[in-house]
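Reader: Hey, I'm new to this one. Can you walk me through it?

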Amino acid sequence: MTENITQGNFPTQAQVVVIGGGVIGCSVAYHLTKLGWQDVLLLERSKLTSGTTWHAAGLIVSGGFGTETTINMAKYTRELYTQLGKETGQDTGFSPVGYLEVASNAERVEGLRRQADFARGYGIDVEQISPAEVKKLWPLMYTDDLLAGFFNPLDGVASPVDTTMALAKGARMGGARILEETRVTGILKEKGRVTGVVTDQGTIAAEYVVNCCGIWSREVGKMAGVNVPLHASEHYYLVTEPIEGVHPGLPVVEDPELYLYLREETGGLMVGMFEPEAKPWGMNGIPDDFSFGEIPPDWDHLMPYLERAMKRIPIAKEAGVHLLFCGPESFTPDMSPMIGEAPELRNFYVAAGFNSLGILLGGGVGQVIAQWIVDGYPPVDISEINIERMSPFRNNPKYLYDRTVEMLGWQYAEGWSNLHFESARGARRTPFHDRLAEAGAMFGESDGWEYADWYAPPGVKPHVDYSWKRQNWFSYNAAEHKAAREGVIVMDLTPMSKFHVQGRDAQKVLNHISARDVDVEVGRCVYTTWLNERGTIEADLTVARLAEDRYQVVSSWSIHTNVLTWLKRHIPEDAHVTVTDMTSAYSLLNIQGPKSRQLLSKLTSADMSNQTFPYLTIKEIDIGYALVNALRITYLGELGWELYIPSEFSLHVYDFLLENGVEVGLKHAGLHTLETLRMEKAYRDYGHDIDNLDTPLEVGLGFTVDPNKSVDFIGKEAFLKQKESGLLKRRLVQFLLEDPEPLLHGGEPIYRDGVRVGDIHSGNYGHTLGGAIGLGPVRHAGGVTKDFLQDGQFEIEVVGVRYPAKASLRPMYDPKNEKVKR
């Protein structure tokens with residue numbers, strides 16, 4: 001399988017160097033050769049599969065995902081493993097025994113049903129079955145407490161080692177070279193671009209380097225100056241002695257309530273655990289000689305979970321223990337993989353952090369990374385998986401250690417959209433945090449930021465009773481929503497990403513990047529998209545001109561690094577421009593609602609009238625003793641201003657606002673209320689409603705592009721080509737359920753005249769419109785037009801029931817923007 005290295009034949013260069021000989025690295029090498037790239041060199045520090053691949057459970061599951069990208073990667077992986085043996089002569093050991101997930105409470109049944117409904121749209125047929133049918137499939141299972149099972153007959157198990165060897169053989173058949181016992185000790189780079197690797201056997205020049213190092217990925221990333229935040233955890237499974245009635249044809253079983261997975265293994269059972277309180281491992285580094293390594297198992301840690309799990313297969317209690325295995329698996333701090341080109345270093349790619357799912361995603365990951373390298377851009381929506389989403393602080397070792405304790409159990413966490421991590425919290429706070437806590441805030445967390453999600457009324461301790469139905473705080477959100485529509489609210493948006501772009505070439509650079517003309521008067525703000533050469537969206541954001549040579553760029557914090565990287569990479573070397581991250585320099589209070597002008601006029605000597613302070617204007621105004629930049633803008637569909645406050649004045653301005661807001665009924669509102677409001681107004685959210693595969697015309701953002709502006713901009717040619725064609729086969733549509741009772745959470749299928757035409761991307765409740773609101777793309781080969789929407793009957797499927805829905809390309813709330821511009 002691999003080459004013998006001598007001093008004379010050690011390679012000194014390769015087009016692509018892949019570091020890591022597990023399933024991911026071998027898949028990347030294989031798929032690069034499939035695309036015609038033969039100058040591929042894979043380096044493995046020890047032996048192929050010797051890291052974590054060799055001890056993986058080998059579950060191949062395709063339907064347990066909530067996004068199009070991951071579900072397609074899993075589906076492709078299963079299909080690849082099915083035929084790879086025929087291609088290479090090395091069997092993968094894939095056996096389609098089926099996959100069965102069981103549910104013992106109503107919330108879990110609904111969550112799995114929602115998941116199954118979504119998966120069906122991508123060719124994955126998951127069937128809901130009764131406890132009696134579960135018993136028939138698995139006679140040894142205790143089923144008395146079960147409410148349902150969900151079965152996919154095409155999934156199953158594969159041999160992790162055999163699969164990796166098949167990928168490696170296929171890569172070699174395509175021209176790739178594989179060197180074992182070759183340890184990478186350094187990464188070479190020049191002018192922000194990777195140029196090669198240093199190994200214990202010599203230096204290799206390379207145009208591209210791919211970090212597929214599993215539990216070592218963080219350390220290899222550090223060699224390159226690239227943040228790859230992941231941490232290893234102990235992962236346990238037990239293999240019993242042979243049990244009568246256990247045979248190779250039994251389906252794989254997962255019981256998320258018991259943190260349990262089961263599969264047949266040599267006539268016995270493999271009983272695996274994803275316990276809710278895990279044991280991080282390797283905090284002080286991974287031993288140099290760790291190869292096919294095991295960790296001494298901690299019985300005391302495992303036994304409480306194991307005893308509970310045995311409830312599902314009582315006969316397993318009587319079986320002897322053949323093996324109790326403990327080995328490391330790496331986990332990311334948000335439970336999503338890290339894939340893509342590193343923002344810190346051009347042509348240095350990462351494929352790591354698969355949270356114990358490397359085998360079942362391996363084929364798809366290799367395909368995506370290979371296509372990305374060859375084309376120079378990602379072939380899929382990368383919102384969930386892009387390594388750029390990771391802030392540098394997440395590579396902090398204590399943060400990773402503390403967060404990893406919680407991560408194993410998240411493998412089986414219910415998919416509620418407002419479920420947040422509990423560990424490694426409380427460090428990244430806005431200046432207002434303690435004030436908001438006193439006001440009754442229930443805090444959520446995103447990228448470390450603690451933010452107010454909603455507020456409990458006086459005398460009520462904020463907490464969440466999780467459910468797919470109306471949760472206990474639904475009425476609190478409704479009250480905040482009503483206050484924004486009828487009165488005035490204050491909302492902390494400090495985490496929003498804020499950048500200052502300045503220098504004599506600032507306007508020139510920003511106008512080349514921005515699709516809309518930002519060469520505006522000082523004091524004016526532009527909402528624009530940033531496009532790539534293909535005309536799809538890299539970001540949507542605001543650009544405000546603070547001076548002739550200085551701009552403020554504001555985006556969602558979820559794409560902070562994406563925006564900063566895109567901006568810096570498109571500044572010419574000879575341009576006189578600097579970019580400064582001002583996110584922590586300014587707090588941001590959002591004052592919104594029909595009474596916002598009345599409130600602010602009480603606090604400042606500035607004229608806040610519509611004539612003097614029109615929409616999309618930014619001015620410095622006085623509030624109390626502070627000077628703040630006030631931007632008249634809204635992301636919820638009402639009259640309002642964003643106040644950019646120097647951090648040291650934050651509490652003074654907040655207290656002054658609250659003190660003077662009593663008379664007008666000023667009310668706190670959280671970010672969940674921002675969601676319910678913006679959904680009524682059909683405002684888009686990058687990473688949820690729109691992504692890197694969408695064009696402005698497809699998602700209703702054509703107005704953010706000005707093809708007639710005096711200078712060219714990135715993506716102009718592609719935009720004009722699509723506009724001139726006049727055919728949009730896919731468009732983002734707003735939906736309102738006619739029945740006020742059901743809720744939308746995202747992922748619900750969209751039907752037109754009984755034919756599935758899309759899925760809801762974002763869902764919430766429109767308290768003003770009186771029903772659940774969804775935004776989702778509708779697809780039609782003949783084009784999605786106003787007539788196409790009006791001539792069809794639309795329904796949204798919620799847990800197997802199809803509800804009639806209104807569909808619109810225009811916002812259903814204030815479509816003419818009269819409230820915003822009053």
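Author: We'll take a sheet, then a helix pair, then a cavity. It's a predicted model, so to speak of local features pLDDT must be at least 70, and side-chain atom pairs count only at pLDDT 80 or more, while totals for chains, interfaces and linings use all residues. Residues are numbered from 1 along each chain as its sequence is written, and side-chain values use heavy atoms, with hydrogens and water left out.

Reader: Cool. In what order do the strands of the open sheet come?

Author: The order is β24-β25-β26-β23-β27, 5 strands with antiparallel pairing. Strands (E, at least two residues) and helices (H or I, at least four) are DSSP runs numbered from the N terminus, and two strands pair if DSSP finds at least two bridges between them.

Reader: Which ones are the edge strands?

Author: β24 (525-531) and β27 (578-581), as each pairs on one side only.

Reader: And how many bridges join β23 and β26?

Author: There are 6 bridges between β23 (residues 497-502) and β26 (residues 550-555), in the antiparallel sense. His500 has Gln552 in β26 as its bridge partner.

Reader: What helix packs on that sheet?

Author: Helix α13 (residues 560-569) does, touching β23, β24, β25 (537-547), β26 and β27. Touching, or contact, means heavy atoms within 4.5 Å. The direction of α13 makes about 15 degrees with that of β23. Angles run from 0 to 180 degrees between N-to-C directions, and axes are lines fitted to C-alpha atoms, for helices over the stretch in contact.

Reader: New topic: at what angle do α2 and α8 cross?

Author: Roughly 100 degrees, with the axes of α2 (residues 68-88) and α8 (residues 358-375) coming within 7 Å. That makes α2 and α8 roughly perpendicular, a label for 65 to 115 degrees.

Reader: Which residues meet there?

Author: Among them are Met73, Tyr76 and Leu80 in α2, and Ile359, Leu361 and Val365 in α8. By class, the α2 and α8 contact has 10 nonpolar, 6 polar and no charged residues. Nonpolar covers Ala, Val, Leu, Ile, Met, Phe, Trp, Tyr, Cys and Pro, charged covers Asp, Glu, Lys and Arg, and the others, Gly among them, are polar.

Reader: Last thing: how much space lies in the largest cavity?

Author: About 100 Å³. A cavity is a set of points on a 1 Å grid over the protein atoms alone where a 1.4 Å probe fits but cannot get out, and lining residues have an atom within 4 Å of a point.

Reader: What lines it?

Author: The lining includes Tyr99, Glu101, Phe150 and Asp155. α3 gives the largest share, 3 residues.

Definitions and conventions. Parallel < 35°, antiparallel > 145°, perpendicular 65-115°, else oblique. 1 Å grid on protein atoms, 1.4 Å probe; cavity = no way out; pocket = protein on both sides within 12 Å on 5 of 7 lines; lining within 4 Å. Points joined across faces, edges and corners; volume = space filled by probe spheres on them.
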